[in-house]
Structure formats: structure tokens, C-alpha cells
Amino acid sequence: MSWQWFHRLGSPRWFYQKTSAWLPWLGAASVLVLVIGAVWGLGFAPQDAKQGNSYRIIYIHVPAAFLALAGYYIMAISGAIGLIWKMKLSFVVMRAAAPIGAALTFLALFTGAVWGKPTWGTYWVWDARITSMLILLFLYLGVMALSGAFAREQSGDKASALLALVGTVNIPIIYKSVDWWFTLHQPATLKLTEASTIDPSMFYPLLTMIAGFYLFYAWVLILHTRSLVLQREWRTQWVRELLGQSTAKGEG
Amino acid sequence: MGVDSVADTSRYSAQGQTAPVSAPSFYTLLRTEFTLAVRQRSDIVNPLLFFVTVLAMMPLGIGPEPDMLARMAAGLIWVMALLATLLSQESLFRGDYEDGSLEQLALQPQPLYFPVLAKVLVHWVVTGLPLAVLSPLLGMMLNLGDAGYWPLFASLAIGTATLSLIGAVGAALTVALRRPGLLLALIIMPLYVPVLIFGTGAVQAALDGYPYGPQMAILGAILAASAALAPLAAAGAIRISLEN
């Protein structure tokens, strides 16, 4: 078995050219699945017995929260791959994943606040889940800030990859500790993601939305990575050829 | 090995070219760091002064009612200890980075783990431990209940050691940057959260009359894990910073 594909994977050029073919399919699939999930969830799923229609924000809120967490691991793992195998491309993926993850974390927090007002009567409480999501947002912002702070790109790559890895250790601790923290004062609230407590007629559209968010995440991540690749490699021959500037400057 | 000549600006190149370089022992590292720290008095005193001054501001800002202060005392003292540690941490590797000692350390034929651990240990002894020793006094001024003094001291003593260890990673990551202060706070604060939660949790449990052993045990576990992992991460970060 050849390891060539693995080495190719590290080449920004190979990545750019390969993904050009995938992108339209990925984009179409994610839009399709998201539309199906949204129409199903918002239009056809039954009303909740207690919350009426306001529960429907779950179809945005839960998938966003899922991807916010998964996105952190995607960022940290690609950073680790970059540190270990010194792959240029995986650092680019790491950098591309940070703002997307931060945006999804913010979306989860925002929809949570909007949902909290009609159901709990408040936009914000220092609940275990909410606080841990806020910390996650800070972790993302820290990685973004550090990666931008270095004059030398490679140092910024490695430093922010290391920080992302250190943060990974923290995420499960935050989850558990904040649970323990509040068991003294109030019982743990909200178990949104337990499938058993939710009716299948509501659960299947939710699953569809989660799948749609995953596809959407992959699509946006690839798009963002491609633009970062172009920014980084703009001096190389293949980017110039791609942009039709190969003859503009004859440096060989 | 005669590497105790602290007066040299570049501490680890004091042997000249004759003897082959061998790594200083952990004890030597500790003694060097400690001597340096003691000679830089302001680095020791300033965090303590900051700690006391800001805590004195608190009753002025939120009001002097004893009941309210009692309820907030543990959290206030903990957050201030966290900020004082953070502020003192920025200079942890800075002097050594600027005079080249850090590079010399990185070239030593030993893992960077031990020099980092020695630095962090000394940092804790000169900042974290005095904070913990001082905390019961401040607790008294803020009307903390009698049951809270011992847990406050113990949780701060363990907790600030962890904070020093975690902060060392951030200090190492940002040492090559010109103005790391705010960035250091931004990247390290989220990592401090578990320590803060269990530290204040222990004091609160004691005040409410519950056993606080579990929280202390978790604090100890976090300390053990960070003592094993944080110097490794900081050493990696130093090598990255030296490339910059």
C-alpha cells in the first residue's frame, strides 16, 4: 500500500485542485439537506406540548452547538497533525476552522439566549452548559488572536496549534466541573441531546438538520481553506497560472 | 559544575569554552532561579500589592455591608489571586528570552522540562504561596466565615501552583511577541476556569457546612496533571518562540 495519498494531502496545490471538483456537489448537498431539515422541522414537526412553537429554534440551536464542539476538535486535531507531520495544509485547515467554530459557538449562544427568553424568562443564566459554551468561545478567540499575533507565519501556525491542543484538555474538564459546580446550588438543567426524551417526529428532522450542518461545515471549511491557501501561496507558479497571471511577471 | 555565578547576564554560558557543556542539575536550576527572584524584589512584592490594593477597592465599589462581603469574599479573593498570578506571569521567561539565556537553556543536553519546572516552582514560591498565606487576613477583612479560612488557604496554595503551571504555557507562547500582556490574558483565562471553579467551590462548601475534601482532591488532581503536562507544553512553546 502506498502512502502517496497521505503526502499529497499535505500539498496545498493538490488540495485546491481536488476540491474544485467536490465543491459544487458538497454545496448542493448541504443546501438540499438543510432545506429539507428546515422545512420538515419548522413546518411539519408537531408543536411541543409545553413550549408551543418556540421550541422550534432547537433545529438551529442544537446542530450549531454540536458543530461548535466538533469544530474545536477538528481544529485541534488538524493543528496536531501539522505539529507532528509538519504538514503545511493542516495548519491552514486549523486556521480556517477557528473563525467558523467561533461563529457557530456564537450562533449556539445567541439562539440559546433567544430561546431562553420565552421558556426560562431570561436571556442569560450562569448554567453549566451556557457557561461552558462561553468558555469555548473564548478558547476559539484565543487561538485566533494568537495565530494572528506572530510576524512569522510558521510560528503563528505552531503556537496556535499548541494552544488549541492545550485547550482540548480543558474542554471535558470544563464540562464536568461546571456540572459539579452547580450541583450545590441547582440541579443540572437541560438535557437537550438525549434522544430518548424527544419524540421521533421531532427527532428525525433534528437529525436531518445536524447532518445538514455537518455538510455545511465541511463545505464552508473547504471554501475558507481554499481562500487561505491562495493567500499563502500567491507567489507560487500554480496560483499565478490559476489566476491567469503566469506571464505577467517573468521570474521563472 | 560551576554554574552558580548568577552575576553574569547570561547565566548558563559562564563556563567559557573549555569544559564540555553538561546540564545543570535540577537543584542548581532551582537555586539559580530563586536567587534571581529574590534579587528582583519588585517582582515579588508587586503582585502582592496589587492583590491587596484591588481587594481594598472592592468594598468601596460594591458597598461595605458585611453580609454581602461575606458572600462574595471567597470569589473576590480567588479572582484577584488569578489576576495577580496572570500579571506576574508575563515576565516569567521574558528576561531570559531577551538576554539569550533561554536559547542557551534550549541547547542544553537535557529536556527543557526541568528548567521550565524550576522556573514555575520558584514563581509559585515567590508569588502564589505568599498570596495564599496572606489570604486568611484578607478573608477576615472581607468578613469571611470562620469555617472558610483553612479551605481558602489550602485551595489557594494548591490552586495558584496550578495557575503558575498553566500560565507558563501562555507565557512561553507569547514570549517572542512585543506586547503580550492582553493576549496572554486572553489565551490563558479560559484555561484557568476549572481551577477557579473548584477553588471557590471548596471554600463555599466549607462555609455552607459541607465537606470540602472532594473539591480539594480534584484541585490536587488538576495540579498533578498540569505538573506532568504543562512544562512539556511550555517547553514546546519555548522552542516555537525561539524560531520566531
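Helices (H or I, at least four residues) and strands (E, at least two) are taken here as DSSP runs, numbered from the N terminus.

**Entry 1, ground rules.** I note that this is a predicted model, in which local features need pLDDT of at least 70 and side-chain atom pairs count only at pLDDT 80 or more, while totals for chains, interfaces and linings use all residues. Residues are numbered from 1 along each chain as its sequence is written, chains are lettered from A and ligands numbered from 1 in the order in which they are written, and side-chain values use heavy atoms, with hydrogens and water left out.

**Entry 2, a loop in chain A.** I looked up Lys86(A), which sits in the loop between H3 and H4 of chain A. Its phi is near 55°, a positive value in a residue other than glycine. Is Lys86(A) buried or exposed? I use buried for under 20% relative accessible area, exposed for over 50%, and partly exposed for values in between (1.4 Å probe, protein chains only). Lys86(A) has a relative accessibility of 64%, so I count this residue as exposed.

**Entry 3, a loop in chain B.** I then turned to Asn143(B), found in the loop between helix H6 (113-141) and helix H7 (149-174) of chain B. Phi of Asn143(B) is near 70°, again a positive value in a residue other than glycine. Asn143(B) counts as partly exposed because its relative accessibility is 36%.

**Entry 4, chain A as a whole.** I find eight helices and zero strands in chain A, and the pattern along the sequence reads α-α-α-α-α-α-α-α. Chain A has 252 residues, of which 44% count as buried. Taking contact to mean heavy atoms within 4.5 Å, I note that among contacts in chain A between residues at least 6 apart in sequence, 78% join residues at least 24 apart.

**Entry 5, one residue of helix H3.** Leu69(A) belongs to helix H3 (residues 58-85) of chain A. With a relative accessible area of 23%, Leu69(A) is partly exposed. I also checked Leu69(A) against Phe150(A), which is 81 residues away along the chain, and the C-alpha atoms of the two are separated by 26 Å.

**Entry 6, the nonpolar core.** A nonpolar core is a set of buried Ala, Val, Leu, Ile, Met, Phe, Trp, Tyr and Cys residues joined through side-chain atoms within 4.5 Å. The largest one has 127 residues, and those with the most contacts inside it are Tyr72(A), Met75(A), Phe51(B), Leu55(B), Phe93(B) and Leu173(B). Helix H4 (residues 88-120) of chain A gives the most to this core, namely 14 residues. I followed Phe51(B) further: leaving aside residues up to four places away in sequence, Phe51(B) touches several others, including Ile77(B), Met80(B), Leu131(B) and Leu138(B).

**Entry 7, salt bridges.** How many salt bridges does a search of the whole structure find over all chains? The search finds eight, each being a side-chain nitrogen of Lys or Arg within 4 Å of a carboxyl oxygen of Asp or Glu. One of them pairs Asp157(A) with Arg232(A), whose closest N and O atoms are 2.8 Å apart. Asp157(A) lies in helix H6 of chain A and Arg232(A) in helix H7 (residues 200-232) of chain A, so this pair ties together parts that are 75 residues apart in sequence. Asp157(A) is buried, with a relative accessible area of 4%.

In chain B, I looked up the salt bridge of Glu33(B) with Lys119(B), where the closest N and O atoms are 3.1 Å apart. This pair links distant parts of the chain, with Glu33(B) in helix H1 (residues 26-39) of chain B and Lys119(B) in helix H6 of chain B, 86 residues apart. Both Glu33(B) and Lys119(B) are buried. I add that salt bridges with shared partners join Arg95(A), Glu153(A), Asp157(A) and Arg232(A) into one network.

**Entry 8, where the chains meet.** I find 25 residues of chain A in contact with 22 residues of chain B. The area buried between chain A and chain B, meaning the accessible area (1.4 Å probe) that two parts lose on being put together, summed over both, is about 2,200 Å², and carbon and sulfur atoms give 81% of it. The count between chain A and chain B is one salt bridge, formed by Glu243(B) with Lys158(A), their closest N and O atoms being 2.8 Å apart. On the side of chain A that touches chain B, the elements giving two or more residues are helix H5 (128-149) and helix H6 (153-183) of chain A. H6(A) provides the largest share, 14 residues.
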